[in-house]
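Visitor: I'd like a quick tour of this one, with the cut-offs spelled out. Could you walk me through it?

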Amino acid sequence: MKETELTTIINDLKAGKNSILKTIFEDYGDYCIRNLRKKYNCSTEDAEDILMDAIINFREKIILDKITYLTSIRNYLYTTCCNMWLAGHSRQGSIRKKSKDTHLEYYEPMSITTEEVTEEAEHRKNLLAIIYGALDQMTPKCKKILTLFYLEEKSMKDIAELMGQANA
C-alpha cells in the first residue's frame with residue numbers, strides 16, 4: 001500500500017468521512033470473508049459480522065492514532081478477523097488445545113498468488129520488527145514471564161511459582 005493511500009484514509013476517518021469504510025469493505029471484504037469461511041468453516045453471516053467488527057476496530061485505532069503505518073490494509077483486516085474469530089471461540093471453549101491432529105484436521109489448501117505470499121512475508125517481517133522492538137524495551141522479568149507463558153505454555157500458577165510471586 002502506498003503511504004499516500006493510508007494518509008488519505010487516516011485524514012478521511014479523522015475528519016468524520018466514514019464513507020471510506022464502505023470502500024474498504026468493498027475492496028477487502030470478499031478476501032476476508034472467503035478466507036474466514038475456508039480457514040474456520042464459519043458461516044457467511046458470521047464472517048461478515050467479524051469483518052464489520054474488524055473494520056470498526058480499524059476505524060477506532062486510526063482515530064486514536066494507534067495505527068500510523070501499514071503495509072496492507074487487507075492483511076491487517078484479515079489478521080484482525082482471524083484474531084476475533086479465535087478470541088470468540090476460545091471464550092466459548094470450542095477451540096481445543098493444540099495438537100498435531102488438530103492441524104491436520106483443519107488444514108485446507110488455499111490458492112495463493114506469489115504477490116500475496118510476498119505481501120504476507122513483508123507483513124510478518126514488519127510485525128516481527130515491532131515485536132522485537134517491544135521486547136527490547138521490556139525488563140528481563142517481563143520477558144521471562146512472556147516466554148514462560150507463550151513459548152513454554154506454562155500456566156499462570158506455574159509462572160507465579162517459578163518467578164517467586166505470591167499469586168498468579
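Guide: Sure, let's start inside one helix: Lys 22 and Glu 26 sit four residues apart in helix H2, about one turn of the helix. Helices here are DSSP runs of H or I with at least four residues, strands are E runs of at least two, and both are numbered from the N terminus. This is a predicted model, where local features need pLDDT of at least 70 and side-chain atom pairs pLDDT 80 or more, while totals for chains, interfaces and linings use all residues. Residues are numbered from 1 along each chain as its sequence is written, and side-chain values use heavy atoms, leaving out hydrogens and water.

Visitor: How do the side chains of Lys 22 and Glu 26 meet, and at what N to O distance?
Guide: Side chains of opposite charge can pair when their charged atoms come close. The term salt bridge needs a side-chain nitrogen of Lys or Arg within 4 Å of a carboxyl oxygen of Asp or Glu. Lys 22 and Glu 26 meet in a salt bridge, N to O, at 3.9 Å.

Visitor: Is Lys 22 buried or exposed?
Guide: Buried means under 20% relative accessible area, exposed over 50%, and partly exposed in between, with a 1.4 Å probe and protein chains only. Its partner Glu 26 has 48%, so Glu 26 is partly exposed. Lys 22 has 56% relative accessibility, so Lys 22 counts as exposed.

Visitor: Which parts does the salt bridge of Lys 14 and Asp 65 tie together, and how many residues apart are they in sequence?
Guide: The structure holds two salt bridges, and in this one Lys 14 and Asp 65 meet at 2.1 Å, N to O. Lys 14 lies in helix H1 and Asp 65 in the loop between H3 and H4, so the pair ties together parts whose separation in sequence is 51 residues.

Visitor: Which helix gives the largest share of the largest nonpolar core?
Guide: A nonpolar core is a set of buried Ala, Val, Leu, Ile, Met, Phe, Trp, Tyr and Cys residues joined through side-chain atoms within 4.5 Å. The largest has 30 residues, and Ile 24, Leu 36, Phe 58, Ile 73 and Leu 77 touch the most other members. Helix H1 (3-14), helix H2 (19-40), H3 and helix H4 (73-91) each supply at least two residues. The largest share, nine residues, comes from H2.

Visitor: What elements does the protein chain have, and how many?
Guide: From the N terminus on, the elements run α-α-α-α-α-α-α-α. Of the 168 residues, 27% count as buried. The count is zero strands and eight helices.

Visitor: What is the phi of Asn 41, and where is Asn 41 found?
Guide: Most residues other than glycine have a negative phi. Asn 41 is not a glycine, yet its phi is positive, at about 55 degrees. At 65% relative accessibility Asn 41 counts as exposed. Its place is the loop between H2 and H3.

Visitor: Where does Glu 153 lie?
Guide: Glu 153 also isn't a glycine and has a positive phi of about 55 degrees. With 62% relative accessibility, Glu 153 counts as exposed. It lies in the loop between helix H7 (140-151) and helix H8 (156-163).
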